[in-house]
Amino acid sequence: MKKSLRFGAAIAMAATASLTLASCGFGGGDGGDASGKTTLDLLVPSYSDNTQGLWEDVIAGFEDENPDITVKLEVQSWDNLESVITTKIQGGEAPDIYNGGPFAGFAADGLLYPAEEVVSADTYSDFQESFLANAEVDGTAYALPLIASARALFVNNALLEQAGVAAPPTTWDELLDAATKISALGGGIAGYGMPLGSEEAQAEAAVWLWGGGGTFGDESEITVDDPSNLPGAEQIKKMIDAGATQADPGSTDRSPLMDIFVQGKIGMQVGLPPTVGQIEENNPALDYSIVPIPTKDGSPFTLGVMDQLMAFQNDGDKQDAITKFLDYYYTSDVYVPWVQTEGFLPVTKSGAEALGGEEALAPFLEVLPDAQFYPSTNAKWSATDAAFKALFGQLQTKPAQDVLTEIQAQVDAG
């Protein structure tokens, strides 16, 4: 089946709406059974119809190699996951290993092992540095990157050729020029798909603001009105005013706009790895390329998103068993098929190398080391995300600085 990605509490999407039932409930206890085995409790979300079977295969292989350790699996829907983990923690029954999104609160409460304490040095060094950095609180990583997604520019080769554009753009100036020429073809064709609507305005904002050297802030401060964000916001207005985008970008959402790209009516639009499957399913004849996102000066950049694995400090004598399980899971032979089947990108260097021959994934893997992330460890990130979704589309009609100032004010007001 075709799968859409879900990352974290706000941006993750399950590939199936039905609840995947727990294969084995768990909680509490003394970490062992009558036979003296160590028992690890693993709580994970359902990414697709494949998720439970994939984890069961991992566990079977691990238990074969480690007969003194039993892993009890519980699979929940994303809709239920946060309430389930909250209830378990409040009841003193936190899982030993948990696959989720937000983790900073758990770290602040002293519930998690530092990541380096539950994997070997070889495993830890195999993670992409940019993803590890995104799992840090006060300089210490408390979660292990699990799965990733990145963004790239999808280009309709036929429309570029019709418009007389020789090559996909790498800079903002080249993008503006190419998109304007494509829009001039007429017939309902848009040069660049600009989704500033409420579905994912924060993502399109990041593409432009960060692509011009801007920032949303970090774990300690949100800085939407930072002067470094103004060049990107002004470039968006320049694209709109030049007629280089679809009509009414301020209220256009990403998903329906990508449908129009798939139909062949948009020259260029930023997309995700699942967009490849969408094209294969709905318009396999589309002549397209996937290239890095153009930036102000052409420097490499992508918007990255990821989910994590984290280990709770429930029982000190389980640390070695947790480390054995995580080291096993992240070995290339185990981890890469899991990631590939679920339709994600690997977060390890060895995984990226193993999938380097996958033509459709190559453009995304290439930019993973340059991934930048939302400041999701900041307590105000949820308010920031909501403010972008509610207000950023006003760039269509308001001065760029006014919009950035208004977003910042809403974030500061809580």
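## Aromatic pairs

Counting ring pairs here gives 28 aromatic pairs. Keep in mind that this is a predicted model. Take tyrosine 47 and tryptophan 78 as a starting point: their ring centres sit 5.7 Å apart and their planes make 70°, an edge-to-face pair. Tyrosine 47 is in the loop between E1 and H2, while tryptophan 78 belongs to helix H3 (residues 78-90), so this pair ties together parts that are 31 residues apart in sequence. As for exposure, tyrosine 47 is buried and tryptophan 78 is buried too.

Another pair to look at is tyrosine 192 with tryptophan 208. The centres are 5.7 Å apart with the planes at 85°, so this one counts as edge-to-face. Here too the pair links distant parts of the chain, with tyrosine 192 in strand E8 and tryptophan 208 in helix H9 (residues 201-211), 16 residues apart. Both residues, tyrosine 192 and tryptophan 208, are buried.

## An aromatic cluster

Back to tyrosine 47 for a moment. Which residues join Tyr47 and Trp78 in one aromatic cluster? The other members are Trp55, Phe127, Tyr329, Tyr330, Tyr335, Trp338 and Phe344.

## The five-stranded sheet

On to the strands. One open sheet has 5 strands in the order E2-E1-E3-E12-E6, and its pairing is mixed. The edges are taken by strand E2 (69-76) and strand E6 (144-149); each has a single partner strand, so one side of each has no neighbour in the sheet. On average, neighbouring strands of this sheet are turned by 15° against each other, ignoring direction.

Within this sheet, strand E1 (residues 38-45) and E2 run parallel and are joined by 8 bridges. If you want a spot to zoom in on, aspartate 41 stands opposite lysine 72 in E2. Helix H2 (residues 51-65) packs on the sheet, where H2 touches E1 and E2, and the direction of H2 makes about 175° with that of E2.

## The four-stranded sheet

There is also an open sheet of 4 strands, ordered E8-E9-E7-E10, again with mixed pairing. Which strands stand at the edges? They are strand E8 (190-192) and strand E10 (288-291), each with a single partner strand, so one side of each is left without a neighbour in the sheet. Neighbouring strands in this sheet are turned by 25° against each other on average, direction ignored.

Strand E8, the one that carries tyrosine 192, pairs with strand E9 (residues 266-271) in the parallel sense over 2 bridges. Alanine 190 has isoleucine 266 in E9 as its bridge partner. Lying across strand E7 (152-156) and E9 is helix H11 (residues 254-262), which runs at about 135° to E9.

## Threonine 323

Last stop: threonine 323, which is in helix H13 (residues 319-329). Is threonine 323 buried or exposed? Its relative accessibility is 16%, and the cut-off for buried is under 20%, so threonine 323 counts as buried.

What does the side chain of threonine 323 reach? It gets to the backbone oxygen of valine 118 at 3.5 Å. Leaving out residues up to four places away in sequence, threonine 323 touches Glu117, Val118, Val119 and Ser120. Valine 118 thus turns up in both descriptions: its backbone oxygen is reached by the threonine side chain, and Val118 is on the list of residues that threonine 323 touches.

Conventions. Residues numbered from 1 in each chain as written. Predicted model: local features only at pLDDT ≥ 70, side-chain atom pairs only at ≥ 80, totals over all residues. Heavy atoms only, no water. Pairing = 2+ DSSP bridges. Axes fitted to C-alpha atoms, helices over the stretch in contact; angles between N-to-C directions. Contact = heavy atoms within 4.5 Å. Buried < 20%, exposed > 50% of the residue type's maximum accessible area, 1.4 Å probe, protein only. Polar contact = N/O pair within 3.5 Å; in protein donor to acceptor, adjacent residues only side chain to side chain. Phe/Tyr/Trp six-rings, centres within 6.5 Å; stacked < 30°, edge-to-face > 60°.
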